[in-house]
Every structure is written in C-alpha cells, then in structure tokens.
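Got the viewer ready? Load the model and follow along, one selection at a time.

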Amino acid sequence: MSRLLVPALVTALAVGTVLGAAAPSASDDVGRVARAGQWQLGALRLPQAWRTSKGAGVVVAVLDTGVNARHPDLAGAVIQGPDLTGVDASPHRWGRHGTAMASLIAGRGHGDEHEGGVLGVAPKAKVLSVRVTLDNGDPQREKQRHGGRNALARGIRYAADHGAAVISMSLGGGSGSWEGSAPEEEAVQYAISRGAVLVASSGNDGASGNRKNFPAAYPGVIAVGAVNRGLAVAGFSNRQDYVSVVAPGTEIVTADERGSYVIGDGTSSAAALVAGVAALVRSAHPSLSPYHVRRAIELGTRKRPADGHSRAYGHGVVDAVRALRAAARLDMPTSGAAAPERYFCGASPPSRGPVVAGMVVLVAAMSARVLVTQRRRRRGVT
C-alpha cells in the first residue's frame, strides 16, 4: 500500500541552485539563505526550548521514502533501516520526501558554527530511516502495490523493535485509499505498548474532500494539521475530530535529496516538526509514557480553541517551550505510595471508612451475642 502526502507546493530555493556536498562555498551561500527562511524556528520558540533539550539520546524513526544521509545538514544523524517497499526506486527520485522530513526533525545545519543550512527541531537526535513508500511521480509506485504489502505496518513494528522513541509518519491517503487497515492499527497499538510516540500528518485535502486520513486517524497517534506564518490554519489542512495539534506547514524550507534545498507546503512538514518536539520532550523526560508525551504537547499549545479543541486547530498551535514545561509538570513524582494496579484506569481505591465501620458493628454484635448467651446459661437455658 503506497500512500504518500508530499508538500502541496515545492519550489527550488535560490532560483534552482543545486548544492553539492563538494561545493562548500556555494553550500555556505545558499545554506545561509535556507536558514534565514526557517520561520518555524521562532514560531515554535526553539532557541528557548534548546536551553532545556536538543533531543540527545532519542531515535526518531522516519517512515517515508528514504533519507539521503550524505546531505551536509544530516551528516552523522541518519541510521539506515530497511527498504520495505519491495521495489527499487528510480535513482533520480530516491528519498526526496523522506530527506526533507528528516531534516526538519534532526537537521544539524553545516558550515562554521553550523550557521548555514536546515536546523531540525531536535538537532541532537538520531533519525532511523525506514523506507515504506515511494515519492509521488516515481514510475515504480505501481509495482509497490504488489511488492510492498503492509509496508507501513511492518515499518511501524520494525521501528518499535529497534529503539525508536518517536515514529514520524508524514504520509497517507495519496494512493486514493482513505481507509485504515487492521495490520496498521495493530502495529500502532504495538508500538505504543513498546513506549513509542507516534506522529502523523492530518491530510492535505482540507479544501476539497477533507477525508479521514490514516495513519493520523488511528487512536493514540498525534495527528498534526498545518498553519501559516500568521498561525492561521492553512486551507489545505484537513479539519477532523482526530486532529491533535497544528504546527507550521507553509513556506517550509527543507533539505533536498540531491544536497540542495526546497520550499514546500503541507501537513507533512507540520507533522515532522511535531515529531521533533516529541523528541525534545522524550530526551528531557525519558520516563514519560507515550500518552503523557502527547498530553504535554497538547497542554503546551497556544491559540487554544475556546472549548479546548476544534476540528481545525486541534488543541492549538504547538509551542516547544510550553510542551517541555507541561512535560515537567506531568513528570513530577506523586506523593505517597502508588495506587494498586487495578485502580490504574482512573478509578479511585475504595474508601476504608465503610469497612472500618462495618467491623465495629460486627464486633459489637458479636459481643452482645456473647453476653446474651452467658445470661441464658446462668438461667439454665441453652
């Protein structure tokens, strides 16, 4: 099953300039332009968040079209996982979307003091690349329908079994299949049970069909919509009850698979950014459960809807600083002994007051019976 959401608009940066890793001067020039275009760094308040966490020690699985580990901004950041598509991609199309998403999560930049290129949300995190689909426009995609059966479900399980604390899925719906599958949903629940936080794009057809999009719609997945520079929900961003949060998703500069940069729109980018925030939280608070990481991100939003949630904004616009603060509150140890496991699902342990009162009544009744029996015996009555 091949279901990829690529950005709605992709243009070459610097009027088609293509960078090569072996051209440092050109790389520095265009790299500075790329960094200047990263408006999401300020919108997510990342410079302040990095004082607390940069994602060190966290592996983020990128389930996508593959990642070019040779891009200068991803040097040392990529762990190459398996190709589960069952086909070889066209060489000139390999990994474009996956490389872009990886750069938003764990890009390190390059040059002196890493001042050029794309900085990811969690620049100290590692990316585990698991190829589960092909880029849009790749002529081999038709073959994948036969060779890559349940590639996404298998990719989720692989990531969960190979140390991924966060699983980023900027895909779904692109092949015309807008329904979930049992293998995928089971894989999602398996990964959560293994402690992984799952993030997915909400969908890019909000201005037309606005259909339910998977894997974003599976229970337990952080579904992410897109906002523009004014923090208004983008027209293409799906509006659904399953939307958890929104994040920057228009005019986003990303690394390109050929070592250059592109600018694009889409909920794909928004989801990758939130996966990066999840990595920041996981790095600072490794003991938090997937549920509590999700709650920290949702509780730490701004521009929250009046009633706490809406189909367009979810719980609001992601803010990395607030998410880390919310995580710190959720990670505070509770006072007293832990409640018994049978009360885990929100119910309080039963009060001991009624039990004690019952014991008192029972003792009193037994004492009265003993007294009556003794009196009867004295009278010769048994």
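We start with the whole chain and then zoom in on one serine.

Before you click: this is a predicted model, in which local features need pLDDT of at least 70, side-chain atom pairs count only at pLDDT 80 or more, and totals for chains, interfaces and linings use all residues. Numbering runs from 1 along each chain as its sequence is written, and side-chain values use heavy atoms, with hydrogens and water left out.

**Select everything, coloured by pLDDT.** That is the predictor's confidence in each residue, from 0 to 100. The mean is 82, and 75% of residues reach 70 or more. Residues 1-26 have pLDDT below 50, with 85 contacts in the model beyond near neighbours in sequence; a contact means heavy atoms within 4.5 Å. Now pick residues 335-382: pLDDT stays under 50 here too, with five contacts beyond four places in sequence. Where pLDDT is low, don't read the predicted coordinates in detail.

**Switch to cartoon.** You get 11 helices and 12 strands, taken from DSSP runs (helices H or I, at least four residues; strands E, at least two) and numbered from the N terminus.

**Select Ser-53.** Look in the loop between helix 3 (46-49) and strand 2 (59-64). Is Ser-53 buried or exposed? Ser-53 has a relative accessible area of 3%, so it counts as buried (under 20%; exposed is over 50%, partly exposed in between; 1.4 Å probe, protein chains only).

**Add Leu-280 and Gly-55.** The backbone oxygen of Leu-280 is 2.8 Å from a polar side-chain atom of Ser-53, while the Ser-53 side chain reaches the backbone nitrogen of Gly-55 at 3.3 Å.

**Finish with Ser-283, Ala-284 and Leu-324.** Leaving aside neighbours within four places in sequence, Ser-53 contacts these three along with Leu-280.

Terms used: A polar contact is a pair of N or O atoms within 3.5 Å; within protein, one must be able to donate a hydrogen and the other to accept it, and residues adjacent in sequence count only if both atoms are side-chain atoms.
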